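Got the viewer open? Let's take a short walk through this one, one selection at a time.

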Amino acid sequence: MQEQTETLFDTQFEEEVHIGLTDYPKHLSSKYFYDEKGDKLFQDIMNMPEYYLTDAEFDILSTHTDEITRLFSKDEKHFNLIELGAGDGKKTKILLQNLIDNKIDFNYLPIDISQHVLDQLSRSLKIEIPEVVVETQQGTYFEALNEIASLTNDKKIILFLGSNIGNLLHLQAIEFLSQVQKLMGDDDLFFVGFDQKKDPQTILDAYNDQTGITAAFNKNILARINSELGGNFDLDKFLHWEVYDPETGTAKSYLVSKEQQSVTVAKLGLKINFAPWETIHTEISQKYDHRTIEWLAEKSDLQIVTQFTDSKNQYKNYVFRTV
Ligand SMILES: C[S@@+](CC[C@H](N)C(=O)[O-])C[C@H]1O[C@@H](n2cnc3c(N)ncnc32)[C@H](O)[C@@H]1O
């Protein structure tokens, strides 16, 4: 039973935390992992040997850069390169550099929920590839889609890298892909990274490293509730727990309460009770096979133009256009 004295929400974060912590079973959205500390933790994750996803997509983008540049620019029309959940743009910079080297006419519009990571990206681009015309936009994917709708006259290449799509369950992914499809014109392309089904142990290791970086990343959502909403979560009283179902391809991250405890979140006027071993579900990291991606595309009125695979067959980037 939860006790509640006040429900007035100033932000989407407040509202979603309130809903998630008063629900049963409890849940919080992984999009709230990312603040300055979360951005740094995710960059540390990308550098971990266990987190094969970054190397695999880096491999694809480095190996096929020229081909991708030709695909994006073959009609020689100016385009907006829109990136959803751009992060630090480490891999995107391979493409940006190649587009600049080939004197392609484009603007880069990275979108991310974290203003901190967007600032970092702009600063680094100014130094590393100053020729890129960049305009950042802070917001969620769904807010971004409304913004993209206002750019309908320009050709659009939409990037969705890092298996960001894997944070959505299939039905949410279809809804999301359909929303993007509705904004796409005949010339537009949608370039999406899909992590592939593989040895389940490899997947579990990627989300459960021995050094505890992923655990700290998962718990950062509680740290944010503490610092931004006046919470008093004791992070040591929660366990990071990862599961992977090789049949559905769904990896899930949880925070598990190690004991019976009560936590208050002052800004929400909330007292939350946890039974021993009660869970908070925090993240989905969906893994795919070709059949599933074909099904997602068909349901979203998208057509597969081509696909690229890394040298270890762990990860794929698909290019879609509207049917
Ligand atoms: C897994 S990281 C991937 C970053 C980058 N695409 C890459 O491949 O390295 C996810 C990024 O998307 C952002 N993000 C997560 N959920 C989001 C959402 N719902 N709307 C907008 N940005 C989001 C995070 O802030 C983070 O920078």
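A word on classes before we start: Ala, Val, Leu, Ile, Met, Phe, Trp, Tyr, Cys and Pro count as nonpolar, Asp, Glu, Lys and Arg as charged, and the others, Gly among them, as polar. What you see is a predicted model, where local features need pLDDT of at least 70 and side-chain atom pairs count only at pLDDT 80 or more, while totals for chains, interfaces and linings use all residues. Residues are numbered from 1 along each chain as its sequence is written, and side-chain values use heavy atoms, with hydrogens and water left out.

**Stop one: the ligand.** Select the ligand and the residues around it (a heavy atom within 4 Å). By class, this shell has 7 nonpolar, 6 polar and 3 charged residues. Of the 16 residues there, G85, K91, D112, Y141 and G162 come nearest.

Now look for polar contacts (here, pairs of N or O atoms within 3.5 Å). The side chain of K91 has an N or O atom 2.7 Å from a ligand oxygen. On the backbone, an N or O atom of Y141 sits 2.9 Å from a ligand nitrogen, and a polar atom of I113 is 3.2 Å from a nitrogen of the ligand. Taken alone, the ligand exposes 590 Å², and the protein buries 94% of that (Shrake-Rupley method, 1.4 Å probe).

**Stop two: the domains.** Colour domain 1 (3-32 + 212-286) and domain 2 (64-196 + 288-322); such bounds come from an automatic or database domain assignment. Their C-alpha centres lie 30 Å apart. Where they make contact (heavy atoms within 4.5 Å), 10 residues come from domain 1 and 11 residues from domain 2.

**Stop three: around L81.** Select L81 last: leaving out residues up to four places away in sequence, L81 touches F72, L96, L99, F106, N107, Y108, L109, I157 and L159.

Notes. Polar contact = N/O pair within 3.5 Å; in protein donor to acceptor, adjacent residues only side chain to side chain.
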